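Welcome! Please take a moment with the sequence and the 3D view below, and then we will walk through some parts together.

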Amino acid sequence: MKKIELLAPARDALIGIAAINNGADAVYIGASAFGARKEAGNRLEDIETLVEYAHRFYSKVYVTLNTILYDAELKMAEQLVRKLYEIGVDALIIQDMGLLQLDLPPISLHASTQMHNYELEKIKFLDRLGFQRIVLARELSLEQIETIRKEVKAELEVFIHGALCVSLSGQCYLSQYMFGRSANRGECAQACRMKWTVKDKSDQVLVRDKYVLSLKDLNMSAYIDDLIRIGVDSFKIEGRLKDANYVSNVTNHYNSLINNQLKINNNKIGRLSSGEVISDFTADPERSFNRGFTTYFAQGRQKELVNKESPKSMGKLLGRVKKVYKNELWLITAEELHNGDGLCYIGEEGLEGVRVNRVEGEKIICNEILRLMPGTLIYRNYDHQFAMQVEKSKTVRKIGVEIQIRAKDGRVELFAEDEDKVAVEFKSDQHFERAQQAQQRERIEQQLKKCGDTDFVCRSVHYEGEEVLFMPVGVINEFRRVLLIKLAQAREVRRPVVRMNPLDRQVPYLPYIPWQANVVNKEAEAFYREHGAVGIEAGFELIEAIEGKVLMHTRYCLLYELGYCRKQFPVQTLNFPLYLCNDKYRYRLEFDCKECFMKILSSEKS
């Protein structure tokens, strides 16, 4: 049976545990260094705690070592990998090919999306090389993913939710150029979330001071069935900087969607990990941080990929303003509001927000005077009641188990089998008298069912045989405790372990490696030479002459977004080239209309 994986982010071990409790088959987390989210590093001791918890449910822990490395860092990275392997981490997510030249333990390797896994030939190279998994670029359509699936044996991981990078992964150098903070070193300053002005050659303004590069968030809820049908192995949620409420809510949402699809498929496809989520809240991604949602390029190019007014969370649309009086507000909405909610709207200064102090029937009393017109759209970017519900949630994950008890000659034998067909038995030497009351059988069965705060939930207890023994409650509880301990131990022995595939050192690649391959150390250079390269350019971070370089390469196109697509409207009134400007920089925009790409080129500072 093919098994699929829901992969959730973890800023720290506690958030990782929350993700597992809400249905994650695997979590990915940063170590103390070399992760693409520098602010989300973790101590080895904390990662080990997460590993121990995850493995109880056959969930996995992947660690991100997906930055590019300088020569002086390679030895430290090698030592870190060895420590991660020793504490039981299941895989590494890497970008720098120099790591493949080091003396690594046999830990499974995943090719990060930072490798720029967009072109089929690059993906096929990584597959033949020996990567167990390839994390695909977010820009790929369902049709492209299906083509890749037919050509590639490695596991395929696809982003299904969260923030989007406007540039092709691994191909953005705007932060490095502007601030000396490399996105490929985990230090992205998010220049794409800044205000920009778009002008043509004659300084005619097309857009003034808008967030024209700030993409909405990805939400692929509507395409989970398509991705399962295509054969995607791992469904990835972005968000290693998000809090526990966000991760719990979004993970819980996709866990339910995936399980529903598996039922439709008559359980021909399974989940990678074990256990059922027992939740006390109804998940809703719109109630967590979001900039508005998009399916990006899932079904091809579309407009309204960005929210030009704000890069901040908009939350859930409530409705329109009906009436305003001072700090009092009436809405046309079907949603119920609560004290402490945060509301927002697009005002003269962009996104503006107010807090709900009190709700009196249809009247909403806010914390400040409102300057709103009737008809204004109102969003809730903080749902106080929902946030408290998720924060205080007692959601747990339990592994199903069936228990059988057999009585013979005054002694008992207990058997347990879990949902993964792991089975154990426990035989007692203690001798018990026959019970005088018939309901003793039912009492034993009910007591054995009480698994308490263990990882297990008992689905059924079967008492075999006519001989009913009298067993004190304390003895029954102890027998159950011992049985479940033995089951947990047996599960660890049976836990599937994946190791690194042998690398194929003979797979040829390109004869020329451009600077966009991000080669910044000697081992990465040696790797490419080993695979046939005769010319290798140094990565952007090592280049001195950077003027005229492509700082951003993206499938998102401003011409298309603004209604000036030259394929659709060959006759243009625009005076090309176009420029992206702020008070300090002026970047030339280049449009590859044949392949439908946009490029932002470095230029002289204004």
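How many bridges join strand β17 to strand β18? There are six, and the two strands, β17 with residues 342–347 and β18 with residues 350–360, run antiparallel. Keep in mind as you read that this is a predicted model.

**The chain as a whole**

- The protein chain contains 13 helices and 30 strands.
- Along the principal axes, its C-alpha atoms fill a box of roughly 100 × 75 × 40 Å.
- The chain has 606 residues, and 56% of them count as buried.
- Among contacts with a separation of 6 or more, 68% are between residues 24 or more positions apart.
- About 27200 Å² of the protein chain is exposed, with carbon and sulfur atoms supplying 48% of that area.
- The chain carries 86 positive and 85 negative charges, and the mean positions of the two sets are 2 Å apart.

**A closed barrel**

- Let's return to the strands we started with: β17 and β18 belong to a barrel that six strands close, in the order β15-β16-β19-β18-β17-β20, with antiparallel pairing.
- On average, neighbouring strands of this sheet are turned by 50 degrees against each other, direction ignored.
- To find one of the links between β17 and β18, look for Tyr345, whose bridge partner in β18 is Glu352.
- The loop between β15 (316–325) and β16 (328–333) holds Lys326. Lys326 is not a glycine, yet its phi is positive, at about 55 degrees.

**An open sheet**

- Six other strands are worth tracing too: the order β9-β8-β28-β29-β30-β27 makes an open sheet, again with antiparallel pairing.
- At the edges stand β9 (205–210) and β27 (550–554); each has a single partner strand, so one side of each has no neighbour in the sheet.
- From one strand to the next, the twist of this open sheet averages 20 degrees.
- Inside the sheet, β8 (residues 196–199) and β28 (residues 578–581) run antiparallel and are joined by three bridges. Val198 has Leu580 as its bridge partner in β28.
- The loop between α13 (558–561) and β28 contains Pro577. The peptide bond from Phe576 to Pro577 is cis, with omega near 5 degrees.

**A strand with parallel partners**

- Which way do the strands run when β1 is joined to β11? They run parallel, and three bridges join β1 (residues 2–10) to β11.
- Strand β7 (residues 155–162) also pairs with β11 in the parallel sense, over four bridges.
- Phe235 is a good residue to look for here: it is the bridge partner in β11 of Leu6, and also that of Val158.
- In β11 (residues 234–237), Ser234 and Lys236 point one way while Phe235 and Ile237 point the other way, and all are buried.
- As general background, strands of a sheet pair through backbone hydrogen bonds, either parallel or antiparallel.

**An enclosed helix and its surroundings**

- Helix α4 is largely enclosed by the rest of the structure, because seven of its ten residues are buried.
- The buried residues of α4 are Lys122, Ile123, Lys124, Phe125, Leu126, Asp127 and Leu129. Their cover includes β5, β6 (133–135), α5 (142–151) and α12 (522–530).
- After α4 comes Gly130, with a positive phi near 130 degrees.
- Ahead of the helix, in the loop between β5 (108–111) and α4 (120–129), you will find His116.
- His116 has a positive phi of about 65 degrees although it is not a glycine. Most residues other than glycine have a negative phi, and most peptide bonds are trans.
- Is His116 buried or exposed? His116 counts as buried because its relative accessibility is 11%, and the cut-off for buried is under 20%.

**One buried leucine**

- Leu84 sits in helix α3, which covers residues 74–86.
- With a relative accessible area of 0%, Leu84 is buried.
- Which residues is Leu84 in contact with, leaving aside its neighbours within four places in sequence? They are Ala31, Leu44, Ile47, Val63, Leu65, Val89 and Leu92.
- Leu84 and Ile107 are 23 residues apart in sequence, and their C-alpha atoms are 9.0 Å apart in space.

How values were computed
Residues are numbered from 1 along each chain as its sequence is written. This is a predicted model: local features need pLDDT of at least 70, side-chain atom pairs count only at pLDDT 80 or more; totals for chains, interfaces and linings use all residues. Side-chain values use heavy atoms; hydrogens and water are left out. Buried means under 20% relative accessible area, exposed over 50%, partly exposed in between (1.4 Å probe, protein chains only). Contact means heavy atoms within 4.5 Å. Two strands pair if DSSP finds at least two bridges between them. Axes are lines fitted to C-alpha atoms, for helices over the stretch in contact, and angles run from 0 to 180 degrees between N-to-C directions. Accessible areas come from the Shrake-Rupley method with a 1.4 Å probe; for residues, only the protein chains shown count as cover. Lys and Arg count as positive and Asp and Glu as negative; His and the chain ends are not counted. The place of a charge is taken as NZ of Lys, CZ of Arg, CG of Asp or CD of Glu.
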